[in-house]
Amino acid sequence: MVPESAVVVWQVRGVIEDVHCFFYPKRAGFALAVERAGERLLDERFDHFPSLMARAREMKRTLVDAGFEPVEEVVDTPGLEWLLRQFVRAGVAPLHALTPRAC
């Protein structure tokens, strides 16, 4: 289950189920997780945000190369920069899927 303070980085659609990737704060860093149908497939910890985002992009590329389709998001939603400012300011950000351009 996605924590309330998580920020969804990307979502891809498979033939049967969607897969989504999100990060959330952990003591001394961040956690990056991938879920499919509510089942946690991956949970990795990172000390540095750029490393977390690089890993998220790598996983998305792998799934897209395997035939998953990126889920298009609503264009008028806040971008990554706004979400990160909100996250740094309050320690949380609203659950939100980022636009494909930001990933």
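Me: Is F49 buried or exposed?
Reply: In this predicted model, local features need pLDDT of at least 70 and side-chain atom pairs count only at pLDDT 80 or more, while totals for chains, interfaces and linings use all residues. Residues are numbered from 1 along each chain as its sequence is written, and side-chain values use heavy atoms, leaving out hydrogens and water. With buried meaning under 20% relative accessible area, exposed over 50% and partly exposed in between (1.4 Å probe, protein chains only), the 17% of F49 makes this residue buried.

Me: Which residue forms an aromatic pair with F49 at 5.0 Å centre to centre?
Reply: The structure holds four aromatic pairs (ring centres of Phe, Tyr or the six-membered ring of Trp within 6.5 Å; planes under 30 degrees apart are stacked, over 60 edge-to-face, the rest tilted). In the 5.0 Å pair the planes meet at 70°, making it edge-to-face. It links distant parts of the chain, since F49 belongs to helix α1 and its partner, 26 residues away, to strand β2 (helices, H or I of at least four residues, and strands, E of at least two, are DSSP runs numbered from the N terminus). That partner has a relative accessible area of 1%, so it is buried; it is F23.

Me: Which strand holds F30, and what links it to F49?
Reply: The rings of F30 and F49 have centres 5.4 Å apart and planes at 65°, so this pair is edge-to-face too. F30 is itself buried, because its relative accessible area is 16%. The pair spans 19 residues of the chain, from F49 in α1 to F30 in strand β3.

Me: Which residues do the ring pairs link into a cluster?
Reply: F49 pairs with F23, and F49 also pairs with F30. Together the ring pairs make a cluster of F23, F30 and F49.

Me: How many bridges join β2 to β3?
Reply: Strand β2 covers residues 18-26 and runs antiparallel to β3; strands pair if DSSP finds at least two bridges between them. One bridge puts P25 opposite F30. The two strands form a hairpin with two residues between them, and A28 in the turn has a positive phi of about 60°. The bridges joining them number eight.

Me: How many bridges pair β3 with β4?
Reply: These strands also pair in the antiparallel sense, with β4 covering residues 39-46. A31 stands opposite R45 of β4. Their hairpin has two residues between the strands, and A37 takes a positive phi near 55°. The number of bridges is seven.

Me: Which element supplies the largest share of the largest nonpolar core?
Reply: This core (buried Ala, Val, Leu, Ile, Met, Phe, Trp, Tyr and Cys joined through side-chain atoms within 4.5 Å) has 16 residues, and V9, W10, C21, F23, L32 and L52 have the most contacts inside it. At least two residues come from each of β1 (7-13), β2, β3 and α1 (49-65). The largest share is five residues, from α1.

Me: How wide an arc do the buried residues of α1 cover?
Reply: The buried residues in question are F49, L52, M53, A56, M59 and K60. The face turned away from them carries the exposed residues P50, R61, T62 and D65. The arc, taken from the directions from the helix axis to the C-beta atoms, puts the buried residues on the same side of α1, because it is only 125°.

Me: How far apart in space are L63 and V19, C-alpha to C-alpha?
Reply: L63 is found in α1, and its 21% relative accessibility means that it counts as partly exposed. Beyond its neighbours within four places in sequence, L63 is in contact (heavy atoms within 4.5 Å) with W10, V12, V19 and F68. L63 and V19 are 44 residues apart in sequence, and their C-alpha distance is 9.1 Å.

Me: In what order do the elements of the chain run from the N terminus?
Reply: The secondary structure comes to two helices and five strands. Buried residues make up 36% of the 103 residues. The order is β-β-β-β-α-β-α.
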